[in-house]
Amino acid sequence: MYLISDIEKPEEPSQKEWQRVGKEIYKAFSDIGFVYLTNHGIPRWKTGFRQVDEINQLSGKFFELERSKKMKYQRVKHISQGYTAPNQERLSDNKRAMEIRESYDIQTVDAMMPDEEVAQLRPRVKVLVEDCCRLTTRFLTAMAVGLEMDPSYFVDCHQELCTFNNATAMRLLYYPPVSSDTPPASTRTAPHTDYGTITFLFQDDIGGLEVRDRDNAWVSASPLPDTILVNVGDILQFWTADKFPATEHRVLIPEEELKRKVVRRSLVFFIHPDDPTVIKPLDGSTTYSPITARQHVNNRFDETFQL
Ligand SMILES: O=C(O)CCC(=O)C(=O)O
Ligand SMILES: [Fe+2]
């Protein structure tokens, strides 16, 4: 696995620094498609608490509510805002296996959130989303430099992050304890690729994420404290005509009984281009037919959401 440090410093990076980060992104993305960021500029501590832990704790209060309360906030298929119950989003086509995962998507912090139940969630998520948007701009600029493109190319296609004109969303994930009568082949998250440009993943310390490497073997992407894991999504694969593969990943249910009883949490920031952006290979090849960013994500939502 690859690791990049110091993507964001208080001062504006020098040309040499952009080149260094760009090259490191290029190397990781053209190989396994995943990279860890350390010292990434998203402060660990905010408001006196450890930011990610605090949001996980707050979201836990929501996920532990009774089902009927959560269903008041149910998400609809094409808008990434609201609650999804276990097995309602199916990444696998194995009909008998379950996907034991709950999520709350936040496309914009100005829309539906459970303020009545967990008042602090909205303001805390707002701060993290703002940090993630800033880091997105840095990352996309360095990535363009690494690809020897106009440094602003990708940033220009991601102007409306966190509005209803762009599918970028923060997802709060909650993997509840798993009972022993769960059907065989069930997972926490079945193998899939992400749909957008890139994804930022903040894992807790439970572990379980696995990534498919170039030899088709599943390798563990262990949680490293205070890192962000970044991976390539479908749209970046289309843009780069497979130079950067959207790597499959999954989260299995632990074998050991004791570990199955432990809740796992992650925060995921899925980054997408603005809805009308037409995505086609940037090298002029015809590996993929042109499609708008919105059409692609809606197709994937149609395949996976049982709403
Ligand atoms: O929870 C995780 O570690 C991974 C989640 C994931 O891959 C996703 O939500 O797309
Ligand atoms: Fe994913």
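**Exercise 1. Find the polar partners of ligand 1 in this predicted model.**

*Solution.* Start with His249: an N or O atom of the His249 side chain lies 3.0 Å from an oxygen atom of ligand 1. Next, take Tyr175, where a polar side-chain atom is 2.6 Å from a ligand oxygen. Then look at Ser266, whose side chain places a polar atom 2.7 Å from an oxygen atom of ligand 1. Pairs of N or O atoms count as polar contacts within 3.5 Å, so each of these pairs can be checked against that cut-off.

**Exercise 2. How much of the accessible area of ligand 1 does the protein cover, and where does ligand 1 sit?**

*Solution.* On its own, ligand 1 has 290 Å² of accessible area, and the protein covers 95% of that. As for the location, ligand 1 sits in the largest cavity.

**Exercise 3. Work out which elements and residues build the shell around ligand 1.**

*Solution.* First, list the elements giving two or more residues: β7 (169–175), β13 (249–251) and β14 (264–271). Of the elements, β14 gives the most, with 3 residues. Now name the residues: Leu173, Tyr175, His192, Asp194, Leu201, His249, Val251, Arg264, Ser266 and Phe270 surround the ligand. Finally, sort them by type, which yields 5 nonpolar, 3 polar and 2 charged residues.

**Exercise 4. Which domain does UniProt place at residues 166–273, and how is the span built?**

*Solution.* The unreviewed UniProt entry gives "Fe2OG dioxygenase" for this span. In the model, residues 166–273 are 9% helix and 37% strand, and their end C-alpha atoms lie 6 Å apart.

Key
Residues numbered from 1 in each chain as written. Chains lettered and ligands numbered in written order. Predicted model: local features only at pLDDT ≥ 70, side-chain atom pairs only at ≥ 80, totals over all residues. Heavy atoms only, no water. Near = heavy atom within 4 Å. Polar contact = N/O pair within 3.5 Å; in protein donor to acceptor, adjacent residues only side chain to side chain. Areas by Shrake-Rupley, 256 points an atom, 1.4 Å probe, with all protein chains shown as cover. 1 Å grid on protein atoms, 1.4 Å probe; cavity = no way out; pocket = protein on both sides within 12 Å on 5 of 7 lines; lining within 4 Å. Sits in = over half its atoms within 2 Å of the grid points. Helix = DSSP H or I, 4+ residues; strand = E, 2+ residues; numbered from the N terminus. Nonpolar A, V, L, I, M, F, W, Y, C, P; charged D, E, K, R; others polar. UniProt positions renumbered as here; feature names shortened; annotations may be inferred.
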